Amino acid sequence: CWWDLAWLTRRESKPSHNQIRRLLCKPTWGRAKELRERAALSMEKLKSFMWKLRKRQIPNWLKHWLKTIMFYEIAVGMKATLTHLVYYHPVTLQYPHDKRTLPDNYRGMLGLLRYDDGTEKCVGCDLCEAACPSRVIRVTSAEVPGEPIKRYAKAYDMDMTRCVFCGLCVQACPVDALGMTREYEWSVYDKRDLLLNKQQLLAIGDRAFPIREKRLEFQHPNVAFFNVAVPNHPLKEF
């Protein structure tokens with residue numbers, strides 16, 4: 001369009017600025033072809049972007065840019081804060097006035113158990129002492145007077161400062177003489193108060209397990225019939 005500009009400059013009147021700019025920006029055939037190619041390329045890019053947006057395949061740079069300008073991390077944090085603020089219900093218990101209900105399998109203080117007639121269940125087999133990983137239990141066994149094949153625990157001591165409440169001693173006992181109670185309020189100023197003897201352990205078991213089971217010979221009559229150590233019981237006749 002250089003000849004148009006030259007013709008305009010040869011005119012008597014001075015051309016305006018808009019006329020000069022319109023002439024300078026007038027596209028030639030080559031310029032028009034380039035503009036059409038750029039427009040087609042822009043449309044392809046727009047279609048590709050819309051397709052990715054429809055398929056939810058937004059580029060990572062765009063995601064990062066959107067999160068940056070929209071303060072995404074702050075919004076997520078404020079959402080959690082506001083959710084907690086709106087739907088929060090206090091779960092604090094006014095201990096020791098209110099106490100939580102403990103499950104049946106709670107592993108609390110250990111206790112020795114008795115039969116319904118008051119006799120001790122423990123037979124002094126020392127299996128609980130062997131199963132304890134922390135060496136908490138110390139058992140001294142002895143024979144039952146008048147019944148040499150029966151034994152009982154003459155002394156039974158526990159150092160509860162070393163106990164990990166794993167329950168292995170309870171599982172190892174063949175007569176279920178040990179039980180884990182729901183008692184946990186055993187805070188003391190002197191740790192020597194946690195060295196429990198047999199009488200203390202029996203008292204714990206009496207508090208935690210008031211319902212007692214019958215002796216084995218009454219639960220299983222065959223055991224009582226074939227047990228020659230039962231006093232005043234006739235032997236089996238062949």
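Cys 132 counts as buried, at 9% relative accessibility, where buried denotes under 20% relative accessible area, exposed over 50% and partly exposed the range in between (1.4 Å probe, protein chains only). Cys 125, by comparison, is partly exposed, with a relative accessible area of 38%. The model is predicted, so that local features need pLDDT of at least 70 and side-chain atom pairs count only at pLDDT 80 or more, whereas totals for chains, interfaces and linings use all residues. Residues are numbered from 1 along each chain as its sequence is written, and side-chain values use heavy atoms, with hydrogens and water left out.

With a disulfide taken as a pair of cysteine sulfur atoms within 2.5 Å, the count comes to zero disulfides. For Cys 125 the nearest cysteine sulfur, that of Cys 173, is 5.8 Å away, and for Cys 132 the nearest, that of Cys 166, is 6.2 Å away.

The largest nonpolar core (buried Ala, Val, Leu, Ile, Met, Phe, Trp, Tyr and Cys residues joined through side-chain atoms within 4.5 Å) has 26 residues, and those with the most contacts inside it include Cys 128, Ile 137, Tyr 156 and Leu 178. At least two core residues each come from strand 1 (110-112), strand 2 (137-144), strand 3 (147-159), strand 4 (178-180) and helix 8 (198-208), helices (H or I, at least four residues) and strands (E, at least two) being DSSP runs numbered from the N terminus.

Strands 2 and 3 run antiparallel and are joined by eight bridges, pairing being assigned if DSSP finds at least two bridges between two strands. Arg 138 stands opposite Asp 157 in strand 3.
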